[in-house]
Amino acid sequence: MATLILAEHDNIKLKESTNKAVTAANLIGDTIDILVVGNDCMSVATQASKVTHASKVIIVEESYYQNMLAEPVSDLIVSLMKDYKTLMSPATTNGKNILPRVAATLDVSQISEITAVIDKNTFERPIYAGNAIATIRTTTEKNVITVRTTAFDAATNENNTEIEILNATANPCLSEFIEEKISGSERPELTSAKIIISGGRGMQSGDNFSMLDKIADKLGAAVGASRAAVDAGFVPNEYQVGQTGKVVAPDLYIAVGISGAIQHLAGMKDSKVIVAINKDEEAPIFEVADYGLVADLFDAIPELEDGLNNIK
Amino acid sequence: MKVLVPVKRVVDYNVKIKVDSQSQDIDLTNIKMSMNPFDEIAVEEAIRLKESGQVEETIALSIGPSQCQETIRNALAMGMDRGIHIETEHSPEPLIVAKLINEIVKKEEADIIILGKQAIDDDCSQTGQMLSALMNCSLATFASKITFEDDQVIVTREIDGGLQTIKLQKPTVITTDLRLNEPRYASLPNIMRAKKKIIDKYLPDDLNIDMTPKLDVIKIEEPPKRQGGGKVETIKELVEKLKNEAGVI
């Protein structure tokens, strides 16, 4: 049997999270097909055909797939699942939105956000905001799985496999797209950034996040925030790093004015190097930090900006 | 219009859980339990819809052991009209929960079902999406704004990198994200009033749902600990170490 992977993309570019799901799928060991659903997205299929381990790319293009609405996309996937044992996708908002709908239609239970593959039917996943790891075995004929992308390396792009074009299934017309507001930032996305600088409640205001923006621009970093900073209205929700926000694992994570609530730690503790700047030396963030600096961030951040000038 | 809000009883948001290495399970002895925070947001939204006159009745539903009645009472004290409790020994897996909710949706002919986007215990984020499949109806996950236009529901969703707005046919399933609203505290008079509100009770057998799980939890373990605690004295030292020791800038 084979594994079908729902590709993450924006109709132009294939997202690296897809390559990470491919790595997880490859550990299961079955043949891997990548499904590109979208509108006018052949360029995505071409990129997907290069992904190592993929044996085939399936592309289905239709105007009502443009915005990945759950109902039409899950109908399409259900129609394809007779040929597959496993359905996988990265645990992006699309994957989280669509896969459980497919699972319920197939009458199987989904395994969300796996962090390890033990065997074909056994997987590890974090529960309680990452405070415990559960090992789960499925007992059903088919498996539906989302992949926590920070737990797997991206599959390389050294392949050239065939692209098969399939027809769309009917639009169930249950919902309709109105608009999308994507924050037009020049900076890298949080989930793929190599460096992230995040602010917490200690930032005191949304305006003060401009201090972090300056550092981010110097380092080519993304800017994140703790749930406390989002709750306080300093920054929009898409900045949120944590169990209920985005889970990240960059090479360098700089936590500024973040105390380190469990739910935030769950979202960033797999980062390679963690820096914490906080004036409270008892803050739990220091327990996970490789380099902790006990200091007032309003002194430390401008100094850091200067310090970075001197090395470049 | 009728709104149904399923609420889950979970370990309180502020409790740091411990894994019992003997039973390889979470140690729940004497632990404070509360309503799942995302479900509180769902309850708040349902009450606001009723207060603004867009909805006639609001129902809170909980599935699990008898203590779930407390969670339903909380929802009633916040302002929900009545409760339904499906008594089960443990909290079942999301697919079974979705099937049980679906039976109540049919009985009650609910038009809008609002759920939390995920429970903070199992972190699955599946039930709402699964319910929408079983109901074969529209779905809006991760909602940060809900409005009505004629006979349709307009929902703004938190997606990777921004916001998406969609229009949904009724009936519909909506799951709540953090910024949808700020849940109220129950006032003392409302807590007293809630004691008189009705909670109907069902057993899974009444609803003809097979409770056999499809997933086996083999074990639950503590995650590997991260070695942290390193300190630097100055920004200069930090920059130097990030460059030369860690090699990340």
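Start with the open sheet of ten strands in this predicted model. Its strand order is E11(A)-E11(B)-E10(B)-E9(B)-E12(B)-E8(B)-E1(B)-E6(B)-E7(B)-E13(B), and the pairing is mixed.

Go next to the two edges. Select strand E11 (175-182) of chain A, then strand E13 (199-202) of chain B: each has a single partner strand, so one side of each is left without a neighbour in the sheet. Now view the sheet as a whole: on average, its neighbouring strands are turned by 30° against each other, direction ignored.

Stay in chain B and select strand E6 (residues 57-64) with strand E7 (residues 82-87). The two run parallel and are joined by six bridges. To see one facing pair, pick B:Leu61, which stands opposite B:Ile84 in E7(B).

Add helix H2 (residues 68-78) of chain B to the selection. This helix packs on the sheet, where it touches E6, E7 and E13 of chain B. Its direction makes about 165° with that of E7(B).

Now move to chain A and select strand E3 (residues 54-61). Is this strand mostly covered or mostly uncovered? E3(A) is mostly covered, with six of its eight residues buried.

Add strand E2 (residues 31-38) of chain A, which pairs with E3(A) in the parallel sense over seven bridges. Here A:Ile34 stands opposite A:Val57 in E3(A). Follow the chain from E2(A) through helix H2 (residues 42-48) of chain A to E3(A): this β-α-β crossover is right-handed.

Finish with strand E10 (residues 163-165) of chain A. E10(A) and E3(A) pair in the parallel sense over three bridges, and A:Ile59 stands opposite A:Ile165 in E10(A).

Technical notes
Residues are numbered from 1 along each chain as its sequence is written. Chains are lettered from A and ligands numbered from 1 in the order in which they are written. This is a predicted model: local features need pLDDT of at least 70, side-chain atom pairs count only at pLDDT 80 or more; totals for chains, interfaces and linings use all residues. Side-chain values use heavy atoms; hydrogens and water are left out. Two strands pair if DSSP finds at least two bridges between them. Helices (H or I, at least four residues) and strands (E, at least two) are DSSP runs, numbered from the N terminus. Axes are lines fitted to C-alpha atoms, for helices over the stretch in contact, and angles run from 0 to 180 degrees between N-to-C directions. Contact means heavy atoms within 4.5 Å. Buried means under 20% relative accessible area, exposed over 50%, partly exposed in between (1.4 Å probe, protein chains only). A crossover is right-handed if, with the strands pointing away from the viewer, the path from the first strand over the helix to the second runs clockwise.
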